[in-house]
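Me: I would like a close look at a single part of this model, namely the place where the two chains meet, and then at whatever can be said about the surroundings.

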2 protein chains.
Amino acid sequence: MNEPPARLLAVALPELPEVQPGDDLGRLGAEAWWRLTVEDESLAPQPGDVLVVTQKVVSKAEGRLVRLADVQPRPEAIAFAERWDKDARQVEVVLRESAEVLRMERGLIISRTHHGFVCANAGVDASNIAAEGVLTLLPEDPDASAARIRERIEEELGVLVAVIVSDSFGRPWRFGISDVALGVAGFLPLDDLRGLPDSEGRLMHVTVVAVADELASVAELAAGKTSRRPLVMIRGARLPAGEGSVQRDVVMPQEADLFR
Amino acid sequence: MNEPPARLLAVALPELPEVQPGDDLGRLGAEAWWRLTVEDESLAPQPGDVLVVTQKVVSKAEGRLVRLADVQPRPEAIAFAERWDKDARQVEVVLRESAEVLRMERGLIISRTHHGFVCANAGVDASNIAAEGVLTLLPEDPDASAARIRERIEEELGVLVAVIVSDSFGRPWRFGISDVALGVAGFLPLDDLRGLPDSEGRLMHVTVVAVADELASVAELAAGKTSRRPLVMIRGARLPAGEGSVQRDVVMPQEADLFR
């Protein structure tokens with residue numbers, strides 16, 4: 001592997017209009033990138049660039065929405081909601097989106113989703129939704145979502161960029177959420193440096209870098225939580241070549257997990 | 001809070017000479033930043049810039065080194081090392097650096113350090129060390145390390161930048177390591193957005209962003225694992241104002257931790 005580039009640049013693309021179910025997010029992203037390029041032509045998409053898209057707009061475009069009015073909560077959801085002053089229908093949706101509930105305490109549900117992600121409330125969210133009484137669910141297959149956006153960007157702009165669908169996850173042992181990759185297209189989400197010499201020429205034994213997750217964090221910092229800028233381009237990252245998948249490459253089978 | 005800036009730039013500073021115990025890392029950092037500025041004067045340090053320094057060089061400069069030849073392993077360390085083909089003296093050092101061992105399996109020890117960090121092998125490391133038979137330990141007080149570097153940078157360059165001491169940690173549920181902050185100086189490591197309106201004007205309830213950890217990940221991507229560039233400057237990040245501490249602000253007391 002070559003030395004990585006010495007500069008990393010992340011730029012939030014211009015605001016999107018409110019995304020609706022059925023919207024072509026790849027096309028909206030291409031248009032936003034084109035508007036950015038009009039402001040600064042050096043930012044025109046290039047091979048090696050990454051487009052990071054937050055889960056929320058992907059879920060909206062894919063119609064991964066549930067109206068609270070349509071939800072019948074089970075007794076367990078009603079009891080938990082009453083105890084912690086939550087909406088029982090929202091609790092019900094979180095339980096439906098969970099393959100396995102790990103903790104259910106203090107109004108928060110930590111669970112493993114059907115994709116294998118461990119996160120709060122199964123990724124079900126009510127914030128940043130224009131319609132009251134509507135929840136977003138995680139995309140069904142975030143790797144496929146990323147691949148579709150990538151293809152549309154190429155059709156619209158003629159450049160094959162890498163794409164990440166990101167979300168903000170909490171973690172054990174440390175306060176604060178950080179953004180991670182739910183899905184990727186156009187590169188491998190892990191940079192496997194095992195067997196490469198370190199700066200002293202010694203073999204590095206256990207270094208597999210979570211490049212896609214780190215890139216998601218870069219985008220979070222560039223975009224900001226309160227903004228309407230769900231798209232960020234990143235230039236100058238080392239991208240391990242290959243057709244990667246968060247589902248296949250990053251989600252850890254329980255038996256391999258010593259941190260659990 | 002204002003909208004965050006729309007551009008984030010991370011640039012690895014030029015290579016450092018091999019860092020030795022007693023070296024003035026703040027001065028070395030200031031020199032490296034000065035050399036970068038000679039190449040590109042737009043990169044001269046400004047208030048609001050962040051300097052991310054990897055733990056390894058901090059530990060070396062602070063003399064946080066242990067020679068394997070000086071270590072007498074306890075019987076538990078010998079047994080574990082024999083079973084997993086490890087160096088019993090290295091296992092011994094990991095146990096000494098651990099306040100609590102969480103897992104000891106397949107040659108890997110997951111433990112909580114005296115600082116409260118949960119990581120593999122208590123942060124004890126043999127890679128990227130020029131001297132054979134020498135291990136690095138984590139800095140005793142990484143927040144204080146960051147503060148000292150910050151002061152020296154100000155003395156040398158006349159600018160108060162923010163400083164992060166970073167390290168690469170694994171995590172549960174997902175393959176790959178990502179860089180996090182062990183210590184900070186000059187800002188708050190968490191951006192507490194609770195109570196702020198989101199893009200729809202709705203209150204965001206649980207959003208506390210791990211800004212320092214995300215910045216550490218930015219630096220990792222800009223520097224690369226195999227390089228001799230342990231220093232990275234970052235410009236354009238939102239930095240919550242205040243005198244923060246990873247130890248005090250980020251490390252989570254067990255009773256607050258629903259992800260555990």
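Me: Which residue in E1(B) is the bridge partner of A:Val11?

Reply: The bridge partner of A:Val11 in E1(B) is B:Arg7, with the caveat that this is a predicted model. That pair belongs to a pairing between E1(A) and strand E1 of chain B, residues 7-12, which is antiparallel and extends over 5 bridges.

The strand pairing is one part of a wider interface, in which 85 residues of chain A are in contact with 84 residues of chain B. The area buried between the two chains is about 7500 Å², and carbon and sulfur atoms give 55% of that area. As for polar interactions, the rule finds 26 residue pairs in polar contact across the interface of chain A and chain B, counting pairs with both residues at pLDDT 80 or more, and it finds 8 salt bridges across that interface. A salt bridge is formed by B:Asp213 with A:Arg171, where the closest N and O atoms are 2.6 Å apart.

On the side of chain A that touches chain B, the elements giving two or more residues include strand E1 (7-12), strand E4 (98-105), strand E9 (178-185) and helix H6 (211-223) of chain A. Of the elements there, H6(A) gives the most, with 10 residues. Sorted by class, this side of chain A has 47 nonpolar, 11 polar and 27 charged residues.

Turning to chain B itself, strand E8, residues 162-169, is mostly covered, with 7 of its 8 residues buried. E8(B) is joined by 5 bridges to strand E2 (residues 50-54) of chain B, the two running parallel, and within this pairing B:Val53 has B:Val165 as its bridge partner in E8(B). E8(B) also pairs with strand E9 (residues 178-185) of chain B, here in the antiparallel sense and over 7 bridges, and in that pairing the bridge partner of B:Val163 is B:Ala185.

A further position in chain B is B:Leu16, which lies in the loop between E1 and helix H1 (25-39) of that chain. B:Leu16 counts as buried because its relative accessible area is 7%, where the cut-off for buried is under 20%. Leaving aside residues up to four places away in sequence, B:Leu16 touches B:Leu25, B:Leu28, B:Ala32, B:Arg228, B:Pro230 and B:Leu231. For one of these, B:Leu28, the C-alpha atom is separated from that of B:Leu16 by 7.2 Å, the two residues being 12 residues apart along the chain.

How values were computed:
Residues are numbered from 1 along each chain as its sequence is written. Chains are lettered from A and ligands numbered from 1 in the order in which they are written. This is a predicted model: local features need pLDDT of at least 70, side-chain atom pairs count only at pLDDT 80 or more; totals for chains, interfaces and linings use all residues. Side-chain values use heavy atoms; hydrogens and water are left out. Contact means heavy atoms within 4.5 Å. Buried area is the accessible area (1.4 Å probe) that two parts lose on being put together, summed over both. A salt bridge is a side-chain nitrogen of Lys or Arg within 4 Å of a carboxyl oxygen of Asp or Glu. A polar contact is a pair of N or O atoms within 3.5 Å; within protein, one must be able to donate a hydrogen and the other to accept it, and residues adjacent in sequence count only if both atoms are side-chain atoms. Helices (H or I, at least four residues) and strands (E, at least two) are DSSP runs, numbered from the N terminus. Ala, Val, Leu, Ile, Met, Phe, Trp, Tyr, Cys and Pro count as nonpolar, Asp, Glu, Lys and Arg as charged, and the others, Gly among them, as polar. Two strands pair if DSSP finds at least two bridges between them. Buried means under 20% relative accessible area, exposed over 50%, partly exposed in between (1.4 Å probe, protein chains only).
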